[in-house]
Amino acid sequence: MAEQNSNFEPQITAKFSRRLKKDEYIVWAGTSLDGYESSWIFSEKSLHLVFGLLVGIMTLVFSVPTMLVDGEINFVAVAIVAACALIVVNSFRKPKLKKAFFAVTNKRILTLIWGQLFQTALKDVILAELRQRTVYESGMLIEANDVLFVAEKHPGAVQKKEYIGGFSEEDAENVRRIIEEESAKSHTDL
């Protein structure tokens with residue numbers, strides 16, 4: 001469990017040190033530029049907005065004609081519309097960033113988001129490449145770079161594409177190179 005290189009922030013390596021196997025060490029550890037961000041289009045907030053608008057509009061469409069004809073207020077419809085309005089308003093609040101931490105060990109690629117660990121064995125990685133994307137963060141467009149890697153448990157198995165990212169271009173290239181080198185080492189150890 002001894003670390004081969006200690007050029008990383010101690011707080012980041014501490015998050016992974018208890019999750020390492022006894023013959024495993026950290027080769028690289030870091031975090032993304034501004035934490036972990038996801039696309040607004042497919043985020044939880046956008047789903048809340050769509051759900052709130054859809055249910056609220058449907059409730060109004062079906063309840064307003066009956067209120068006009070009967071002259072009575074439907075309190076259930078008012079409560080549903082009020083709840084939908086709260087959901088819509090809440091979807092515009094600034095989300096808390098999910099801080100993601102990454103580590104590449106001599107055996108695995110590790111991602112830690114809000115205490116949940118995701119891992120991929122380096123012996124399963126068959127390809128690592130860079131992907132660039134633009135993210136909107138703090139009122140600015142930021143160029144973020146990801147390291148996309150393809151994992152395959154055994155030849156002919158379903159390939160799984162994953163990524164770690166949100167890095168500067170230089171950091172992303174460094175991480176891609178480390179993943180390729182460590183993956184090649186783990187393939188020769190088999």
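Let's start with the buried residues of α4. They are Ala172, Val175, Arg176, Ile178, Ile179, Glu182, Ser183 and Ser186. Looking down the axis of α4, these residues fall within an arc of 165°, so they line one face of the helix. On the other side of α4, Glu169, Glu170 and Thr188 are exposed. Keep in mind that this is a predicted model.

How does the length of α4 hold up? The helix has 21 residues, and at 1.5 Å a residue they should span 30 Å. The end C-alpha atoms of α4 are 30 Å apart, which agrees.

Stay on α4 for its salt bridges. Glu180 and Arg176 meet through their side chains, N to O, at 2.6 Å. They sit four residues apart in α4, which is residues 169-189, so about one helical turn separates them. Here is the general point. An α-helix has 3.6 residues a turn, so residues three or four places apart point the same way.

Now, which partner is buried? Arg176 is, with a relative accessible area of 16%. The cut-off for buried is under 20%. Glu180 is at 36% relative accessibility and counts as partly exposed.

The second pair in this helix is Glu182 with Lys185. Their side chains form a salt bridge at 3.2 Å, N to O. Both lie in α4, three residues apart, again about one turn of the helix. In this pair the acid is the buried partner: Glu182 has 5% relative accessibility. Lys185 is partly exposed, at 43%.

Next, a salt bridge of another kind. Glu24 and Arg108 meet through their side chains at 2.8 Å, N to O. Glu24 lies in the loop between α1 (10-17) and β1 (26-31), while Arg108 is in strand β3 (residues 108-113), so this pair ties together parts that are 84 residues apart in sequence. Are the two residues buried or exposed? Both Glu24 and Arg108 are buried.

One more charged group. Arg131, Arg133 and Asp146 are linked in a network of salt bridges. How many salt bridges does the count come to? Ten.

On to the strands. Take β2, residues 100-105. Six of its six residues are buried. In general, the side chains of a regular strand alternate between the two faces of the sheet. In β2, both faces are covered. Ala100, Phe102 and Val104 are buried on one side. Phe101, Ala103 and Thr105 are buried on the other.

What does β2 pair with? One partner is β1, antiparallel, over five bridges. There, Gly30 stands opposite Phe102 in β2. Another partner is β3, also antiparallel, and five bridges join it to β2. On that side, Phe101 stands opposite Leu112 in β3. The connection from β2 to β3 is a hairpin through two residues.

Then there is β4, residues 116-121, and I'll pick out Thr120 there. Thr120 is buried, with a relative accessible area of 7%. What is it in contact with, leaving aside neighbours within four places in sequence? Thr120 contacts Lys107, Arg108, Ile109, Val125, Phe149, Ala151 and Glu162. Note Arg108 in that list. Arg108 is also the salt-bridge partner of Glu24.

Now back to the N-terminal helix, α1. Ile12, Thr13 and Phe16 are buried there. They cover an arc of only 95° around the axis, which puts them on the same side of α1. What do the buried residues of α1 pack against? The answer is β1, β2, β3 and β4. The face turned away from that buried side carries the exposed residues Pro10 and Gln11.

Last, a quick look at α3, residues 75-90, where Val78 is found. Is Val78 tucked in? Its relative accessible area is 43%, which makes Val78 partly exposed. The C-alpha atoms of Val78 and Ser63 are 8.9 Å apart, and the two residues are 15 residues apart along the chain.

To wrap up, three things to look at on screen. First, α4, with its buried residues lining one face. Second, β2, covered on both faces. Third, the buried pair Glu24 and Arg108, tying together parts 84 residues apart in sequence.

How values were computed: Residues numbered from 1 in each chain as written. Predicted model: local features only at pLDDT ≥ 70, side-chain atom pairs only at ≥ 80, totals over all residues. Heavy atoms only, no water. Salt bridge = Lys/Arg side-chain N within 4 Å of Asp/Glu carboxyl O. Buried < 20%, exposed > 50% of the residue type's maximum accessible area, 1.4 Å probe, protein only. Expected span 1.5 Å × (residues − 1). Arc of directions from axis to C-beta. Pairing = 2+ DSSP bridges. Contact = heavy atoms within 4.5 Å.
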